[in-house]
Amino acid sequence: MPVNFDILEKLFEKSVRLNPLNGFQFTFGEKYVAAMNNNGQIGVCATLNVKVRPKTIGNIDFSKAECRVVANAFVNASLNYLAKPDGYGDIFDAVDFTRFANPVMIGYFGSLVQKLQGKGVSPVVFDIDQHEAPVLPMEKQHEYLTQADCVILTSTSIGNGTFGGIAKAVSSKCSIYMLGPSTPLDDLMFTIPQVKGLFGSIFPANNAETLNLIAQGYGTRGFMHTMRKVYRVRK
């Protein structure tokens, strides 16, 4: 992977060739930003407590966190509905994590951790929010990534710019599974060899309920009943 490689920039360039940014409707909430194109296709991205303002749309600068959130939502609305899903449902039902000896989770997914532990799988967990439990100190993340044979990775890592460093830190034999509503489902994600699965979401066309809930400040739990979990796996 090139030193300055940024998958979000590549996805954005592809999206702009298909749809102009100014043809999208954006909804700004405390926890998510949503983008909707003229066909009513909705893409979302978590803000991770970054204040995203409408003026961001006219000047996308990938060095700025708020711009990356907008770009990620735009990408998902543009590309996720063009990708053919391999299935629908939870990552737990699609991937056998018992075959991994050193699983790492970046971004605490509490319900998934419980399911994994029920199968005897106990991933080492890291989260930017150190109040989430149980998580290890972030300064230990690189050490564990170099030993991991599997990484369950929140797709907010694309928006916050940490994805590239994580992908470079793991070994060539490690399997990365991207997870969450912010996940791009485009083939470009599979240009990174370690990425083995994309677990994201799509929404009914022109779904006003989703947009209203995001505008009101709800997070994933608040609008998840309006989305459909979909996934793609490396062939």
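Let me start with Ser15, which sits in helix α1, the helix that covers residues 7-18. What we are looking at is a predicted model, and in it Ser15 has a relative accessibility of 0%, so this serine counts as buried. If we set aside residues up to four places away in sequence, Ser15 touches Phe74, Val75, Ser78 and Leu79. Those partners bring us to helix α2, which spans residues 65-79, and that helix will come back several times in what follows.

Before going on with the details, a word on the protein as a whole. There are nine helices and ten strands in it. For 235 residues, a compact globule would be expected to have a radius of gyration near 18 Å, and because the value here is 17 Å, the protein agrees with that expectation. Along the principal axes, the C-alpha atoms fill a box of roughly 45 × 40 × 35 Å. Of the 235 residues, 52% count as buried, and, among the contacts between residues at least 6 apart in sequence, 63% join residues that are at least 24 apart.

On the surface side, the accessible area comes to about 11,200 Å², and carbon and sulfur atoms account for 49% of that. As for charge, there are 23 positive and 19 negative side chains, and the centres of these two sets lie 4 Å apart.

Now to the interior. Which residues have the most contacts inside the largest nonpolar core? That core has 46 residues, and the ones in question are Val151, Phe163 and Met178. The element that gives the most to this core is helix α2, with eight residues. Phe163, leaving aside its neighbours within four places in sequence, is in contact with Ile7, Leu153, Ser157, Ile158, Met178, Met189, Ile192 and Val195, so that list includes Met178, which is itself one of the residues with the most contacts in the core. There is also a second, separate core, this one of 17 residues, and among its members are Val95, Val135, Cys150 and Tyr231.

Next, I would like to spend some time on the loop between β3, residues 42-46, and α2, where Leu48 lies. Lys51, Val52 and Ile60 are placed in this loop too. Where in the range from buried to exposed do we find Val52? With a relative accessibility of 8%, Val52 counts as buried, whereas Lys51, at 66%, counts as exposed, and Leu48, at 43%, is partly exposed.

Val52, apart from neighbours within four places in sequence, is in contact with Phe28, Val33, Thr47, Glu66, Val69 and Val70. Val52 and Val70 are 18 residues apart along the chain, and their C-alpha atoms are separated by 7.8 Å. Ile60, on the same basis of leaving out residues up to four places away, touches Phe12, Leu21, Cys67, Val70 and Ala71, and from Ile60 to Val70, which are ten residues apart in sequence, the C-alpha distance is 8.2 Å. Val70 is therefore a contact of Val52 and also of Ile60. For Lys51, the pair I have noted is with Asn212, which is 161 residues away in sequence and 18 Å away in space, C-alpha to C-alpha.Let me turn to the backbone. Most residues other than glycine have a negative phi. In Leu48, by contrast, phi is near 50 degrees, a positive value in a residue other than glycine. Asn206 also has a positive phi, near 55 degrees. Asn206 is found in the loop between β9, residues 195-202, and α8, residues 208-215, and at 49% relative accessibility Asn206 counts as partly exposed.

I will finish with Asp6, in the segment before α1. Is Asp6 buried or exposed? Its relative accessible area is 15%, and because the limit for buried is under 20%, Asp6 falls on the buried side. Leaving out residues up to four places away in sequence, Asp6 touches Phe62 and Arg68. Gly89, 83 residues from Asp6 along the chain, is separated from Asp6 by 28 Å between C-alpha atoms.

Terms used: Residues numbered from 1 in each chain as written. Predicted model: local features only at pLDDT ≥ 70, side-chain atom pairs only at ≥ 80, totals over all residues. Heavy atoms only, no water. Helix = DSSP H or I, 4+ residues; strand = E, 2+ residues; numbered from the N terminus. Buried < 20%, exposed > 50% of the residue type's maximum accessible area, 1.4 Å probe, protein only. Contact = heavy atoms within 4.5 Å. Rg over C-alpha atoms; globule rule 2.2 N^0.38 Å. Areas by Shrake-Rupley, 256 points an atom, 1.4 Å probe, with all protein chains shown as cover. Lys, Arg positive; Asp, Glu negative; His and termini not counted. Charge placed at Lys NZ, Arg CZ, Asp CG, Glu CD. Core = buried A, V, L, I, M, F, W, Y, C linked by side-chain atoms within 4.5 Å.
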